[in-house]
Amino acid sequence: MPQARILVIDDEQPFCDVLCGVLRKQGHLVEGTETAENALALLDRRPFDLAICDLRLPGMNGLDFLRQVAERKLGLQLIIITAYGDIESAVEAVKLGAVDYLTKPFLFDDLILRIDRHLSHLALEQSHAALQDELLARYEPRSFVGNSPKIMRVRDLIRRVAPTTSNVLISGESGTGKEVVARAVHRLSERHDRRLVTVNCAALPDTLLESELFGHSKGAFTGAVRSKEGLFLAADAGTLFLDEIGAMPLPLQSKILRAVEAKEIVPIGTTASVKADVRILAATSTDLAAASREGKFIDALYYRLNVFEIHMPPLRERKEDIPVLVTHFVERFSQELKKRVLGVTDEAMAILMAYPWPGNVRELENAIERAMILTDGDHLTPDGLPHSLQALAAGPAERPLDLRSVLRRAELDHIGAVLVLTGQDKVKAAKMLGISLSSLYRKLEQPEPEPGGDGPAADSAGET
Ligand SMILES: Nc1ncnc2c1ncn2[C@@H]1O[C@H](COP(=O)(O)OP(=O)(O)OP(=O)(O)O)[C@@H](O)[C@H]1O
Ligand SMILES: [Mg+2]
């Protein structure tokens, strides 16, 4: 049986001592205490696998202790013991998360047997989780990097939902890694040896999107010279990843809803339905809940897709991930570009940590790639970073101080960020910025303000 760290809480000291002794003989690391308050203090200091707790205690009672433990999400298994045969509280305890209960007097052998059972169960769960982590790291070529608490939580969600057949909605700003998550879910699912078919709903015109998804018969519409199997059927028994689902037009949404509910589709130009067993992962960078409130997204489809939501937090909310991501990208581009770069200088890292990353991981990836292309040294320096980042490094002494240059600088930085968001699409960027395409070009063509001086660009800041 695995050795475990066990905490015994019982106010009857002789009993507590005997129980601790019995468990130590079984090879466990055991600590005993007489109050729940003490127990919580111990739990805050070091990890335990299992606790055995009396229900009636002076001060905080066993049920309140359970509530506190549940709140701390310690992954602790709790066995309740009670002298009073008080079944009602025992039931309450199990509801609160206790794995088992025993009434005093009980046979130590019985307790040991139960402990062993719970510990084996725990060990099995842990080894399963470790195995999946390993799979996630090994089989994901563009692996899923990050160890901030927020990313650990995402990993945990992926691990839990992947083996089910539930649809998953992956939300998050552009460039946060939604597609990375979708791949990981598919890879860890039972469908991993079947296809993962990806469709970007924002990239295709409505009519084309429909025939891509559902297929069509020969002659179904002008241009349909031969019949075509849709992506729903291509993903049969596998996974369909609907990227940017928010961009899907309403009539198509209702067709998708039917396909999801009935697990069958009707190709365009035909009347017979065809079975398609597809697990759907959908991604969105817009607020689908709001869209469904506004009638732009069908409620029923939203609820069908949102059975399980994984939200990818923006990079600025998990800056701890920046150093590991940087290392990951430096290693990857070193291989791809056949360069020997070992890392980034402290100065460059300080800038990378300070920048708010509106384009998230994709923007970071692009910044590192650019710096890697430009570098001749073995460490990336601030010089190779994009201008919007370098501006952060310039101390106040080197910064232009006159208002026009400062405004111009801010304008350029903002335009740069919006361009990253739109994947350098200037038409989209101009729309987001609320200016015409030609004024966007004009703004980009003007020279940048000189550090410290009022350069030739100084008189352009007021113009739109
Ligand atoms: N945690 C991560 N570890 C390693 N690479 C990552 C991670 N997150 C994102 N990336 C990389 O960043 C880039 C953007 O990720 P991805 O395409 O998954 O984002 P997205 O949220 O789908 O963006 P969009 O909304 O624009 O489609 C990809 O090249 C991806 O490999
Ligand atoms: Mg994407």
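The following exchange goes through the cores, the ligand site, two helices and several single residues of a predicted model.

Biologist: Which residues of the largest nonpolar core touch the most other members?
Modeller: This core holds 32 residues, and at least two of them come from each of several elements, including strand E7 (196-200), helix H8 (206-214), strand E10 (239-243) and helix H12 (299-305). Within the core, the residues that touch the most other members are Leu213, Phe232, Leu240, Leu242 and Ile256.

Biologist: Which element supplies the largest share of this core?
Modeller: Helix H9 (231-234), helix H10 (250-262), strand E13 (279-284) and helix H11 (288-293) are also among the elements that each give at least two residues. The largest share amounts to five residues, and the element that supplies them is H10.

Biologist: How many residues make up the other core, which lies apart from that one?
Modeller: Val330, Leu364, Ala371 and Met372 are among the members of this other core. Of these, Leu364, Ala371 and Met372 also appear in the list of buried residues of helix H15. The number of residues in this other core is 24.

Biologist: With which residues is Leu240 in contact, leaving aside its neighbours within four places in sequence?
Modeller: Leu240 is one of the residues that touch the most other members of the largest core, and its contacts beyond those neighbours can be listed by position along the chain. They are Val197, Val199, Leu213, Leu231, Phe232, Ala235, Val278, Arg279, Ile280 and Leu281.

Biologist: Which side chain has an N or O atom 2.6 Å from an oxygen atom of ligand 1?
Modeller: Ligand 1 is surrounded by 19 residues, with Val145, Ser174, Gly175, Lys178 and Glu365 the closest. A polar side-chain atom of Ser174 lies 2.7 Å from a ligand oxygen, while for Gly177 a backbone N or O atom lies 3.1 Å from a ligand oxygen. The side chain at 2.6 Å is that of Lys178.

Biologist: What share of the area that ligand 1 exposes when taken alone does the protein bury?
Modeller: Taken alone, ligand 1 exposes 620 Å². Of that area, the share buried by the protein is 90%.

Biologist: What distance does helix H15 reach from its first C-alpha to its last?
Modeller: Helix H15 runs over residues 360-374 and has 15 residues, for which 21 Å is expected at 1.5 Å a residue. The buried residues of this helix include Asn360, Val361, Glu363 and Glu365, and the cover over its buried residues includes helix H13 (321-337), helix H14 (346-354), strand E16 (379-380) and helix H17 (403-421). The distance reached by H15 is close to the expected one, at 22 Å.

Biologist: Is Trp357, in the loop between H14 and H15, buried or exposed?
Modeller: Beyond residues up to four places away in sequence, Trp357 touches Leu315, Arg316, Ile322, Leu352, Glu363, Leu364, Ala367 and Leu389, and its side chain reaches the backbone oxygen of Tyr355 at 3.4 Å. The cut-off for a buried residue is under 20% relative accessible area. Because the relative accessibility of Trp357 is 0%, this residue counts as buried.

Biologist: Which side chain is joined to that of Thr239 by a polar contact of 2.7 Å?
Modeller: Thr239 is found in strand E10 and counts as buried, at 1% relative accessibility. Beyond its neighbours within four places in sequence, Thr239 is in contact with residues including Arg191, Arg195, Leu196, Val197, Arg279 and Leu281. The polar contact of 2.7 Å is with the side chain of His186.

Biologist: Which residue is joined to Pro105 by a cis peptide bond?
Modeller: Pro105 is found in the loop between strand E5 (100-103) and helix H5 (108-139). The cis bond has an omega of about -5°, and the residue it joins to Pro105 is Lys104.

Biologist: What is the phi of Lys263, a residue other than glycine?
Modeller: Lys263 lies in the loop between H10 and strand E11 (264-265), and it counts as partly exposed, at 40% relative accessibility. Glu244, in the loop between E10 and H10, also has a positive phi, near 50°, and is partly exposed with a relative accessible area of 22%. For Lys263, phi is positive and near 55°.

Technical notes. Residues numbered from 1 in each chain as written. Chains lettered and ligands numbered in written order. Predicted model: local features only at pLDDT ≥ 70, side-chain atom pairs only at ≥ 80, totals over all residues. Heavy atoms only, no water. Core = buried A, V, L, I, M, F, W, Y, C linked by side-chain atoms within 4.5 Å. Buried < 20%, exposed > 50% of the residue type's maximum accessible area, 1.4 Å probe, protein only. Helix = DSSP H or I, 4+ residues; strand = E, 2+ residues; numbered from the N terminus. Contact = heavy atoms within 4.5 Å. Near = heavy atom within 4 Å. Polar contact = N/O pair within 3.5 Å; in protein donor to acceptor, adjacent residues only side chain to side chain. Areas by Shrake-Rupley, 256 points an atom, 1.4 Å probe, with all protein chains shown as cover. Expected span 1.5 Å × (residues − 1).
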